[in-house]
Amino acid sequence: MDDMDYKNIETYNYELDESLIAQTPLKDRDHSKLLVVDKNNGKMIDEKFYNIINYLNKGDILVLNNTKVMPSRIYGYKEDTNAKIEVLLLKDLGNDIWECLVRPQKRVHIGTIIKFNDSFRCEAIEILDNGITHIKLIYEGVLLEHLDKIGAMPLPPYIHEKLDDKDRYNTVYALKYGSAAAPTAGLHWTKELLDKVKEKGIEVLYVTLNVGLGTFRPVSENDITKHDMHKELYEISEEVANKLNDAKKNNNRIICVGTTSLRSLEANIQKYGEFKSTIEETGIFIYPPYTFKSADALITNFHLPKSTLVMLVSAFSDIDIIKKAYKHAQEEKYKFFSFGDAMFLTDLKEEK
């Protein structure tokens with residue numbers, strides 16, 4: 001496939017039967033389906049997620065994103081007109097100023113006060129493009145306590161069912177609040193499965209990337225190279241950076257759980273030439289053709305057509321292999337998107 005095809009948004013399009021979009025999480029996290037795909041030749045094996053341990057080797061490094069989703073979708077009313085306004089908190093800019101998505105944005109102007117309840121409101125201080133607004137939160141006490149009371153989990157628009165348990169839109173290892181969407185490949189793991197992984201001699205490491213607009217914002221440009229990727233904050237500790245560098249030296253496989261973990265590692269090694277401890281923003285946008293330096297295998301969900309995530313997995317493997325895998329997944333009734341099933345992109349020759 002020539003470079004021009006890689007730049008065309010339609011290259012990353014596919015048809016999907018809406019009945020395959022998962023609306024609710026499974027009762028047992030690790031009972032989801034798992035499609036194991038050889039990233040180099042496209043060989044496929046249908047599995048259950050709990051059997052992923054059979055494809056992991058002693059000495060492997062498993063990298064997970066321990067970010068935590070806040071109940072950051074809040075509904076309020078304009079103080080002057082009582083018009084209903086939805087606010088989705090995206091990024092903490094400091095001093096109680098937040099970047100957020102406001103709907104309908106046309107009703108909000110600089111100085112607009114949105115009241116959530118008697119002790120919690122906000123003021124619009126900057127109006128930007130595509131619904132993005134900067135607001136100043138005004139409240140007493142602890143912000144998270146307010147959000148726990150009145151906030152809803154920011155489920156994607158293609159999920160129409162109510163989420164009964166807020167915890168199901170977080171991973172079992174979620175630790176650091178700051179995300180507006182879940183790192184969904186992590187939703188399949190249980191504490192018991194992670195314990196089995198460690199018992200097999202696989203090291204589990206954590207990075208943090210606060211999932212924001214960059215990950216789920218649609219690409220609207222026909223030429224994908226013109227897409228402007230939104231920046232997201234990521235963190236790698238010194239201990240984790242050292243262990244990742246050691247893994248590279250010892251030729252141990254680095255396996256990323258989710259595209260957010262992969263973007264954190266790839267942004268880091270691309271910038272510094274090795275893994276380095278940091279807290280900084282990345283707007284890395286990966287699409288074919290691209291050679292990864294950071295990771296050897298990727299556990300990921302099935303992503304939306306024309307999304308930056310489909311582009312990333314196509315770069316990690318091959319666009320034709322990904323399209324065949326997605327077609328196979330549909331034929332075998334895999335579930336797609338956030339609460340859907342998983343795919344493991346690996347080199348099956350490296351399995352022991």
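**The sheet**

Start with the open sheet of this predicted model. Select its 9 strands, which run in the order E2-E1-E17-E16-E14-E3-E12-E13-E15. The pairing is mixed. Go to the edges: strand E2 (44-48) and strand E15 (278-282) each pair on one side only. Across this sheet, neighbouring strands are turned by 25° against each other on average, direction ignored.

Now pick one pair. Select residues 33-38 for strand E1 and residues 342-346 for strand E17. They pair in the parallel sense, over 5 bridges. Click Val37, then its bridge partner in E17, Leu345.

Next, add residues 319-331, helix H8. H8 packs on the sheet. Its contacts are with E1, E2, strand E16 (297-301) and E17. The direction of H8 makes about 150° with that of E1.

**The second largest pocket**

Select Asp92, Tyr177, Gly178, Asn210 and Leu233. Of the 23 residues lining the second largest pocket, these lie nearest its centre. The pocket has about 320 Å³ of space.

Which elements each supply at least two residues of this lining? Show these:

- strand E6 (84-94) and strand E7 (97-103)
- helix H2 (143-150)
- strand E11 (176-179)
- strand E13 (232-236) and E15

E13 gives the most, with 4 residues. E13 is also a strand of the sheet, between E12 and E15 in the order. Colour the pocket lining by class: 11 residues are nonpolar, 5 polar and 7 charged.

**The cavities**

Now turn to the enclosed spaces. How many cavities of 30 Å³ or more does the structure hold? There are 2.

Begin with the largest, at about 80 Å³. Select Pro25, Leu26, Arg29 and Ser32, then add Arg168, Leu187 and His188. Finish its lining with Ser338, Phe339 and Gly340. By class, this lining has 4 nonpolar, 4 polar and 2 charged residues.

Move on to the second largest cavity, with about 40 Å³ of space. Select Met229, Arg263, Ile284, Phe285 and Ile286, followed by Thr308, Leu309 and Leu312. Which helix gives the most to this lining? Show residues 308-316: helix H7 supplies 3 residues. Here the classes divide into 6 nonpolar, 1 polar and 1 charged.

Notes:
Residues numbered from 1 in each chain as written. Predicted model: local features only at pLDDT ≥ 70, side-chain atom pairs only at ≥ 80, totals over all residues. Heavy atoms only, no water. 1 Å grid on protein atoms, 1.4 Å probe; cavity = no way out; pocket = protein on both sides within 12 Å on 5 of 7 lines; lining within 4 Å. Points joined across faces, edges and corners; volume = space filled by probe spheres on them. Nonpolar A, V, L, I, M, F, W, Y, C, P; charged D, E, K, R; others polar. Pairing = 2+ DSSP bridges. Axes fitted to C-alpha atoms, helices over the stretch in contact; angles between N-to-C directions. Contact = heavy atoms within 4.5 Å.
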